[in-house]
Every structure is written in structure tokens, then in C-alpha cells.
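Welcome, and please open your viewer so that we can take a walk together. At each stop I will suggest what to select and tell you what is there.

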Amino acid sequence: MEKQVANVQLMQKMNRLKVLNYVRRNPMTSRPIVAEKTGLSLASITNVTSYLLKLGLLEECGTEHADRVGRKSTLLQFRADRFGLIIALLDESNAKIFYTDLGGKILSSFMVAIKSIAPANVISILKNEIVLLMDKHGVKNTLGIGVIFSGLVLDGSRFVFSSSMKWHRLEIKEILEQETGLPVFVDNISRIRAADFSATTERELSKNMLFVDLENGIGAVQIYNGVINHSFLGEIGHTTIEKNGEPCFCGNQGCLEVMCSVERILRLYAEKSGKSAELAEIETLYQKGDEPAVYAVSDCAQYLGIGLANLINLLNPAVLVLNTGNFSNCPSLLEKAIDHMKKRSFLALTQVMQIITLSLNSEDILSSAAIELCDRLFDISYSGNIISSPIDKH
């Protein structure tokens, strides 16, 4: 008897998540359409939507405009303002922590300097600030936590490695879940940036698109038919580009992101000129033909071009998107890198390939971060959601 009740409850939970997720992705939709698209009966849809309406995650928003005889169906939409999320964007210098609604609208935020702070202490700071936000906005009103940074995330968000953050292995998910009691999702910021670009660009660009992120390391994301390919790890920054190259934080030598890093450009310039300079100054000197500046920029650009060419020859993208990131102040390096890429790639692949350069601000991606977090909270395709879902806690 207990097993039968458990099975009924599990099916009920799956149906609720299925309906919620469909309406969230397809606003202004009717119950008959939801029934058709989810495969559930109208009677089940009525029961599920009644529950979600009472919970406040859905709301009725008028009636459909249809040229037919008979009663018009009431439309449904997702209420992004009903609950909140905590999203932490981390880099080597700062932790920016936001409390947003389910659509990424910022309700409150603050920034904490974390440069040169030990990893364990960074997590302790995060934990304390997150608890304060939960107290401020209400624990019951907060559905989940997202921690986003530049680095490798494996084993269901449990294994974390980041050269820019100087993290070898950190149990962020486990620590924060134990402290807050909320589901915690850890993700690579390059994937979120790529998802943001894909969501806001023309659909035809996404048939086979490669997004290369040059902010705090080098990450690559493949988007195929508008969907991120999660089986493509994209750690191009830690592929060996020079067998006897400089040591990398990962323990290897000659990794791409080390051989074309801003730090290396500055050092090569200083070694050649005997002077120190910022990247923007080196760009200006490069434009004037200054020999040390030309040497530093050209050397690093060549390595970046080789890394890009390897990606092009492997993935054959129709569109290459470069988030300029750390090199925003040195466009000459990017231009030379693209030239090297074209020389080292198959000509047939680059002749028709479109190249887009852009610079994404951290706060620009909050809506995509919120959408990704909601995907994991409400989508039954993510492991664990059918066992414990936030909609069952209210």
C-alpha cells in the first residue's frame, strides 16, 4: 500500500514539473495546448494547474484569440516574481552575489573582494552572505542557489577546478547545500554566456555555433540547433599548445591559456623593453610599431590562433563567436589571432564561417543564469528532481 501511494505521489510530482516547465518556456498558452504537448489528459491538466495556480507559480492572463465558435480557452503564464534565486558570479577578484526573481530580475545585490583569499575562506564568505540574503528575502521564498565561475565542473557539480580562481578541488555544492538546505548548482560561466548569446541572437546562427570565451581563461562552448552540447567539455584553455611551454596551474606545461594570457603579454613586453606597461598601453605602442610591443602581441596572438584553428578543424562551425574578455583592450591581438587561425584552418571551413566579436558584461547574463537554474529546478530530465522538487516544499 505504501509503495502504491509513493508511486502515485511520484507521478503527481513528475506531472507538475512537466506542466510547469512547459508553461515557463511557452508563455500565454492554454490548458488544451499544454495537454496536447505534454501528453496528459485535460482532467490531469486541470488538477495540476489548480495546484500551481494556488502555489502562485502560474497565473491566468486573459483568453485566447481564436477564430472559432465556442468558449475561448483561458491562457496561462509563469510567474517569475513568485519566488527568488541566489546567483553568485565569481572571478579571481570579486564575488558578486545577486538575489533575483525566477527571470533574473535583480532584487538586491552586493560585491565582496576575494582576491588572494584562500579557497576555503571564499566559500565561508559565500555561505555567510547567502544566509544573510535568505534571511532578508525569506528562506521559504528562495528556491535555489547558482554558483557560476570560470573553471571545470564535473561529477554533478561536485568536482571543481579553476586556474583563474586557483582552486584545485572544492566541494562548493556539498558545503552550501548542508548550510542552506537549498539545492545548489555550480556551472561554468562560459556556458552561461554562450546560452545568453544564443537566446538573444537570430535562430539561424545557432545551427552549429562555436562560442569561445576569453574572459579569465579560455573556454569553448558548442551550440547545435540552438542547444548547448553538454557532452563537449570545451576546456580548450588546458590543451597543450607548446610541449616545452610555461607551467600552468593545472600541473601541465604549455597550456593555451598560459601561452596567450595577458600576464604573459605584459611579461614579454617588460623583458624586451625593460619597462612595465598595462595592456591598453601595449596596444597603443603596437599601433605605433614599437618593437617590444609588436613582439609580445604577435607571439601570444600566434598561440591563440593555433588554438582557434584546432577548434575550427574539429567542429566546423558556421559561426565563431569570440567574447573578447581579457583582450578587450588589445584588439590587435585578436585580429592577428584570427589571421593565424585562418592560415592554419582548412580554407573550406573558414571561407563561409561568420566571425562575431563581442564583450559580455557579468550582469548581462543574469537572466540566462536564472533560466538555467530554473531548468534544473523544474525539469524532470535533471537527475534528482523527481525525488526532491522545490514545488513540494511550499
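Start by selecting Leu20, which is buried, with a relative accessible area of 0%. Keep in mind as you look that this is a predicted model. Now widen the selection to residues 2–25: this is helix H1, and Leu20 lies in it. Next, add Gln354 and draw a line between the C-alpha atoms of Leu20 and Gln354. The line spans 37 Å, and the two residues are 334 residues apart along the chain.

Our second stop is a sheet. Select residues 29–30 for strand S1 and residues 58–63 for strand S2, then add residues 74–78 for strand S3. In what order do the strands of this sheet stand? The order is S1-S3-S2, in an open sheet of 3 strands with antiparallel pairing. S1 and S2 stand at the edges, and each has a single partner strand, so one side of each is left without a neighbour in the sheet. As a rule, strands of a sheet pair through backbone hydrogen bonds, either parallel or antiparallel. Zoom in on S1 and S3, which run antiparallel and are joined by 2 bridges. To see a bridge partner, pick Thr29 and look across to Leu76 in S3.

For the third stop, show the cysteines. How many disulfides does the structure hold? The count is 0. A disulfide needs two cysteine sulfur atoms within 2.5 Å, so select Cys300 and check its surroundings. The closest cysteine sulfur to that of Cys300 is in Cys260, and at 6.7 Å it is too far for a bond. Move on to Cys330: here the closest cysteine sulfur is the one in Cys300, 9.0 Å away, which is again too far for a bond. Are these residues buried or exposed? Cys300 counts as buried, at 0% relative accessibility, and Cys330 counts as buried at 0% as well.

Finally, zoom out to the whole chain. Colour it by secondary structure and you will have 13 helices and 15 strands to explore. The C-alpha atoms fill a box of roughly 75 × 50 × 35 Å along the principal axes. Of the 394 residues, 51% count as buried. Turn on the surface: its accessible area comes to about 18,900 Å², and 50% of that belongs to carbon and sulfur atoms. As a last selection, show the charges, 40 positive and 43 negative, whose mean positions are 6 Å apart.

Methods. Residues numbered from 1 in each chain as written. Predicted model: local features only at pLDDT ≥ 70, side-chain atom pairs only at ≥ 80, totals over all residues. Heavy atoms only, no water. Buried < 20%, exposed > 50% of the residue type's maximum accessible area, 1.4 Å probe, protein only. Helix = DSSP H or I, 4+ residues; strand = E, 2+ residues; numbered from the N terminus. Pairing = 2+ DSSP bridges. Areas by Shrake-Rupley, 256 points an atom, 1.4 Å probe, with all protein chains shown as cover. Lys, Arg positive; Asp, Glu negative; His and termini not counted. Charge placed at Lys NZ, Arg CZ, Asp CG, Glu CD.
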